[in-house]
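The questions below go through one chain, from its fold to its cores and a pocket. Each answer closes on the value or name asked for.

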Amino acid sequence: MAFLSFVGRVLFVSVFLLSAWQDVYRFNEFGFDGGSAAKVLTPKFKMLSKHFTTFTGFQVPQFEIKFFFAGVIAIKALGSFLFIFDSTIGATLLILHQLIATPILYDFYNYDIEKKKFFQLTFSFTQSLSLLGGLLFFIGMKNSIPKRSSIPNHGIATTQTVENVRDEYIEHLKDELGQARVESEIMFEKLKLTQARLNETQEELSQCYQEITRLTRELKGKSNAEGFKRWFS
């Protein structure tokens with residue numbers, strides 16, 4: 001799993017590494033003034049600065065676009081290198097790069113919706129957002145998993161954890177058995193009370209049966225006596 005995770009990180013940052021290599025080539029294409037990349041980014045950055053000032057009221061400070069472009073390349077390259085070695089700092093640098101570069105490079109908001117360029121830039125913009133989402137997911141997963149470095153001896157800690165779970169399970173079983181024993185004792189007492197009531201009812205029924213038998217005999221005796229009287233009279 002560790003090897004697959006490493007390969008996945010390498011494949012993920014390959015797009016950033018190739019992009020950084022292309023940016024370096026374009027940066028040095030026409031000298032140290034920023035090259036063709038600076039010429040392409042300058043109008044995009046000016047339009048974004050204009051929109052930012054319009055909506056927020058804050059003025060973006062003026063600076064050389066070639067220094068900005070060089071800093072973006074450095075952040076992208078360093079972040080990619082650190083991300084390969086499972087570093088959250090590298091992921092944070094790549095997130096910073098995406099937040100800075102995405103609205104500048106893919107300025108679909110400067111084109112009409114009928115233009116073909118609008119859809120091309122919108123598609124690239126959404127792809128960049130998906131990379132940003134993957135980086136945020138990586139940081140979230142890293143923060144949700146405890147670091148191994150916080151455990152002095154991972155093997156001993158694992159053994160102790162297993163033993164703790166086993167002890168807790170045994171205690172749970174003991175509690176369950178104790179509760180079952182109490183419930184069985186309560187049921188036994190209820191059965192004893194029910195048996196006593198049944199015995200009392202049986203005795204009452206027996207007395208009723210004896211009373212009925214006595215009354216039946218008395219009725220038969222009276223009937224026979226009356227019959228003899230009628231016969232002799």
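**Fold, cores and pocket**

From the N terminus on, the elements of the chain run α-α-α-α-α-α. This is a predicted model, in which local features need pLDDT of at least 70 and side-chain atom pairs count only at pLDDT 80 or more, while totals for chains, interfaces and linings use all residues. Residues are numbered from 1 along each chain as its sequence is written, and side-chain values use heavy atoms, with hydrogens and water left out.

Q: How many helices and strands does the chain have?
A: Helices (H or I, at least four residues) and strands (E, at least two) are DSSP runs, numbered from the N terminus. On that basis the secondary structure comes to 6 helices and 0 strands.

Q: What percentage of the residues of the chain count as buried?
A: Buried means under 20% relative accessible area, with a 1.4 Å probe and protein chains only. Of the 233 residues, the buried portion is 20%.

Q: Which element gives the most to the largest nonpolar core?
A: A nonpolar core is a set of buried Ala, Val, Leu, Ile, Met, Phe, Trp, Tyr and Cys residues joined through side-chain atoms within 4.5 Å. The largest has 11 residues, including Val-13, Ile-84, Leu-94 and Phe-138. Two or more residues come from each of α1 (2-27), α3 (65-84), α4 (88-105) and α5 (116-144). With 4 residues, the element that gives the most is α5.

Q: Which residues does Ile-84 touch, not counting residues up to four places away in sequence?
A: Contact means heavy atoms within 4.5 Å. Ile-84 is one of the residues of the largest nonpolar core. Its partners are Phe-6, Arg-9, Val-10, Val-13 and Leu-17.

Q: How far apart are the end C-alpha atoms over residues 118-139?
A: UniProt, in an unreviewed entry, places the feature "transmembrane region" at residues 89-106 and 118-139; such annotations may be inferred rather than shown by experiment. Over residues 89-106 the chain is 94% helix, and the end C-alpha atoms are 25 Å apart. Over residues 118-139 it is 100% helix, and the corresponding distance is 32 Å.

Q: Which residues are the closest to the centre of the second largest pocket?
A: About 520 Å³ of space lies in this pocket. α1, α2 (35-56), α3, α4 and α5 each supply at least two residues of the lining. Of the 25 residues that line the pocket, the closest to its centre are Ser-19, Lys-76, His-97, Leu-105 and Tyr-106.

How values were computed. Buried < 20%, exposed > 50% of the residue type's maximum accessible area, 1.4 Å probe, protein only. 1 Å grid on protein atoms, 1.4 Å probe; cavity = no way out; pocket = protein on both sides within 12 Å on 5 of 7 lines; lining within 4 Å. Points joined across faces, edges and corners; volume = space filled by probe spheres on them.
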